[in-house]
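Me: I'm new to reading protein models. Please walk me through one, a feature at a time.

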Amino acid sequence: LRPEYALMEMQAESNTYWFPRHPVCAPHMYRMLGLILGLAVYNRVLLDFPLPMTSYRKLLGQVVGLRDLQEMVPLLGRSAAALLEYEGDV
């Protein structure tokens, strides 16, 4: 994916693509990306398009949680886990 399209952004920590925080593309562009990826899967074409396991869990209707955050953005996941484990006064 070309960065100037801003359709997806590379997560440097996990080396996977994910949706940008502030998308600038029209919704039909994401539909087109989904169609292209779906056609590649259907036709058994391998693409260098790493997605986090979270995306597959969402497609399967499974619950995503802290573990998925830790896989996608390890630093943020560790920080969230530390906050959940904190027992002191806030």
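**Reading the model**

Reply: Let's begin with Asn-15, which sits in the loop between β1 (9-11) and β2. Labels such as β1 come from DSSP runs, with helices being H or I over at least four residues and strands being E over at least two, numbered from the N terminus. Keep in mind that this is a predicted model, where local features need pLDDT of at least 70, side-chain atom pairs count only at pLDDT 80 or more, and totals for chains, interfaces and linings use all residues. Residues are numbered from 1 along each chain as its sequence is written, and side-chain values use heavy atoms, leaving out hydrogens and water.

Me: What is the phi of Asn-15 near?

Reply: The general idea first: most residues other than glycine have a negative phi. Asn-15 goes the other way, with a positive phi near 55°. Arg-44 isn't a glycine either, and its phi is positive too, about 55°.

Me: Where does Arg-44 lie?

Reply: Arg-44 comes after α1, in the loop between α1 and α2. Arg-44 counts as exposed because its relative accessibility is 78%. Here's the scale: buried means under 20% relative accessible area, exposed means over 50%, and partly exposed is in between (1.4 Å probe, protein chains only). Asp-48 belongs to that loop between α1 and α2 as well, and at 73% relative accessibility Asp-48 counts as exposed. The C-alpha atoms of Asp-48 and Val-64 are 24 Å apart, with their positions 16 residues apart along the chain.

Me: What should the 16 residues of α1 span?

Reply: You can work out an expected span for a helix: 1.5 Å times one less than its number of residues. For the 16 residues of α1 that gives 22 Å, and the end C-alpha atoms are 23 Å apart, which agrees.

Me: Okay, on to rings. How many aromatic pairs does the count come to?

Reply: Rings of Phe, Tyr and Trp (its six-membered ring) pair if their centres lie within 6.5 Å; planes under 30 degrees apart count as stacked, over 60 as edge-to-face, and the rest as tilted. By this rule there are three aromatic pairs. Take Tyr-17 and Phe-49: their ring centres are 4.9 Å apart and their planes are at 20°, so the pair is stacked. This pair links distant parts of the chain, 32 residues apart, with Tyr-17 in strand β2 (residues 16-18) and Phe-49 in the loop between α1 and α2.

Me: Are Tyr-17 and Phe-49 buried or exposed?

Reply: Tyr-17 counts as buried because its relative accessibility is 13%, and Phe-49 is buried at 14%. Then there's a tilted pair, Phe-19 and Tyr-30, at 5.8 Å centre to centre with 55° between the planes. That one also joins distant parts of the chain, 11 residues apart: Phe-19 is in the loop between β2 and α1, Tyr-30 in helix α1. Phe-19 is partly exposed, at 42% relative accessibility. Ring pairs also tie Trp-18, Phe-19 and Tyr-30 into a cluster.

Me: What about charges? How many salt bridges does a search of the whole structure find?

Reply: In general, side chains of opposite charge can pair when their charged atoms come close. The rule for a salt bridge is a side-chain nitrogen of Lys or Arg within 4 Å of a carboxyl oxygen of Asp or Glu. The whole structure has two of them. In one, Asp-68 meets Arg-57 at 2.3 Å, N to O. Asp-68 is in helix α3 (residues 66-72) and Arg-57 in helix α2, 11 residues apart, and both Asp-68 and Arg-57 are buried. Glu-71 also meets Arg-57 in a salt bridge, at 3.7 Å, N to O. Glu-71 lies in helix α3 and Arg-57 in helix α2, so this pair ties together parts 14 residues apart in sequence. Glu-71 is partly exposed, with a relative accessible area of 35%, while Arg-57 is buried at 11%. Shared partners join Arg-57, Asp-68 and Glu-71 into one network.

Me: Last one: which element gives the most to the lining of the largest pocket?

Reply: On a 1 Å grid over the protein atoms alone, a pocket is an open set of points where a 1.4 Å probe fits, with protein on both sides within 12 Å along at least five of seven lines; lining residues have an atom within 4 Å of a point. The largest pocket has a volume of about 550 Å³. Of its 20 lining residues, those closest to the centre are Leu-37, Phe-49, Leu-51, Tyr-56 and Leu-59. α1 gives the most to the lining, with seven residues.

Note on methods: Points joined across faces, edges and corners; volume = space filled by probe spheres on them.
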